[in-house]
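Subject: Structure handover

Hello,

Here is the structure we talked about. Please open it, then read the notes below.

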Amino acid sequence: MTNPSFSCGRLLAAMRQANPLVQCITNDVAMNIAANVLLAAGASPAMVSAEEEAGEFARIAGAVTINIGTLWSGGVAGMLAAANAANGAGKPWVLDPVAHYATGFRRRVVGELMALEPTILRGNASEIMAMAGEATRGQGVDSGDSAMAAQNAALTLARRYGCIVAVTGDVDFVTDGSRSATIEGGSPLMPKVTALGCALTCLVGAFAASTPDQPFEATIAALALFAVSGQDADGHARGPGSFQPLFLDALSALGSDRFDAEARITMR
Ligand SMILES: Nc1ncnc2c1ncn2[C@@H]1O[C@H](COP(=O)(O)OP(=O)(O)O)[C@@H](O)[C@H]1O
Ligand SMILES: Cc1ncsc1CCOP(=O)(O)O
Ligand SMILES: [Mg+2]
């Protein structure tokens, strides 16, 4: 167990300097908070999902993120077009398989998207465990499992699909199948604010866009930024309602030096 050999503060500074354009194909619940999270952190979000333009836009974006939270049949072609275009242009893309275990439609679409080999898969513990074929206690979009319990599933998926897997919860876990890291921090109020996980998936896209050669490190930095900012907001929040604006303020206020000092990352 060691400290990371890279600086999250430097990755944050690089991301802010690049102000990367991130194409977010996300769900109807997450649209607003995800865009605000990216703006507060220092990236440039664009919610572009229609079949007619999703592929064309992916070629000019720095990264694409795809989230199936409010899946409907008319949305699938745009997701596939964006993922294919990202692959064709050598851009990283991130998949968030929200509640994929709940219905056959979701399972089928996630299967089609996984076949296109996302750079990074980000889900809560129940989603990651179910994707590896394990029994879970997830209920709809909410996890019923701890991220610690999902570590083996994350390793299995990273090796099977050759991607980075990020599983979030009270403690986050990131792996590329050989290297792994845990990230501590955050707040118990975070799962009480809807779509924060979806917003985090978009933020992973922002870091991957500015550091495309290091998707493992980029993913850790994004999760650590949420962990430190969540902890900062928790100290002042009175509940989930006041937490959300405090969290946006904390994301934008965090400087690189304090980020490096406060991030609790352990390489395993
Ligand atoms: N009990 C908790 N304590 C601290 N942070 C948490 C807790 N649960 C979730 N988080 C944080 O909330 C964010 C969203 O994660 P999660 O709730 O697992 O995703 P989702 O919203 O997709 O279910 C992550 O940054 C995660 O670390
Ligand atoms: C409530 C809800 N219903 C469909 S998507 C969604 C948001 C889920 O957000 P998260 O996965 O970040 O909890
Ligand atoms: Mg989620």
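In which strand is Thr168 found? Thr168 is found in β6. Keep in mind that this is a predicted model.

The sheet first. Nine strands form an open sheet with mixed pairing. The order is β2-β1-β3-β4-β5-β6-β7-β8-β9. At the edges are β2 (44-46) and β9 (264-267), and each of them pairs on one side only. From one strand to the next, the twist averages 20°.

Now the pair that holds the annotated residues. Strands β5 (residues 120-124) and β6 (residues 164-168) run parallel and are joined by five bridges. Arg122 lies in β5. Its bridge partner in β6 is Ala166.

The UniProt entry, which is unreviewed, has a "binding site" annotation covering Arg122 and Thr168. These residues span 47 residues in sequence, but no two of their C-alpha atoms are more than 7.7 Å apart, so they gather at one spot.

Is Arg122 buried or exposed? Arg122 counts as buried, because 31 C-beta neighbours lie inside 10 Å and the cut-off for buried is 20 or more. Thr168 is buried as well, with 28 other C-beta atoms within 10 Å.

Their contacts are listed here without residues up to four places away in sequence:

- Arg122 touches Val94, Asp96, Ala166, Leu200, Thr201 and Val204. Ala166 is thus named twice for Arg122, as bridge partner and as contact.
- Thr168 is in contact with Asn124, Ala147, Gly197, Leu200 and Leu223.
- Leu200 appears in the contacts of Arg122 and in those of Thr168.

Next, the ligands. Which residues are closest to ligand 1? They are Asn124, Thr168, Gly186, Met190 and Gly197, and the full shell has 17 residues. So the annotated Thr168 is also among the closest residues to ligand 1. Helices α8 (196-210) and α9 (215-234) each supply at least two residues of this shell. By class, the shell around ligand 1 has seven nonpolar, eight polar and two charged residues.

Ligand 2 is surrounded by Asn27, Val29, Ala30, Gly69, Thr70, Val98, Val141, Thr194, Ala195, Leu196, Gly197 and Cys198. Its shell has seven nonpolar, five polar and no charged residues. Gly197 is in the shell of ligand 2 and is one of the closest residues to ligand 1.

Last, two prolines.

Pro92 sits in the loop between α4 (76-89) and β4 (93-96). Pro92 is buried, with 25 other C-beta atoms within 10 Å. Leaving aside neighbours within four places in sequence, Pro92 is in contact with Ala63, Thr119, Ile120, Ala208, Ala209, Pro212 and Pro215. The C-alpha atoms of Pro92 and Pro245 are separated by 29 Å, and these positions lie 153 residues apart along the chain.Pro240 lies in helix α10 (residues 240-253). Pro240 is partly exposed, with 15 other C-beta atoms within 10 Å. Pro240 touches Leu189, Lys192 and Val193, not counting residues up to four places away in sequence. Pro240 and Val193 are 47 residues apart along the chain, and their C-alpha atoms are separated by 5.9 Å.

Best wishes

Technical notes
Residues numbered from 1 in each chain as written. Chains lettered and ligands numbered in written order. Predicted model: local features only at pLDDT ≥ 70, side-chain atom pairs only at ≥ 80, totals over all residues. Pairing = 2+ DSSP bridges. Helix = DSSP H or I, 4+ residues; strand = E, 2+ residues; numbered from the N terminus. Axes fitted to C-alpha atoms, helices over the stretch in contact; angles between N-to-C directions. Buried ≥ 20, exposed ≤ 12 C-beta atoms within 10 Å, placed from the backbone. Contact = placed C-beta atoms within 7 Å. UniProt positions renumbered as here; feature names shortened; annotations may be inferred. Near = placed C-beta within 6 Å. Nonpolar A, V, L, I, M, F, W, Y, C, P; charged D, E, K, R; others polar.
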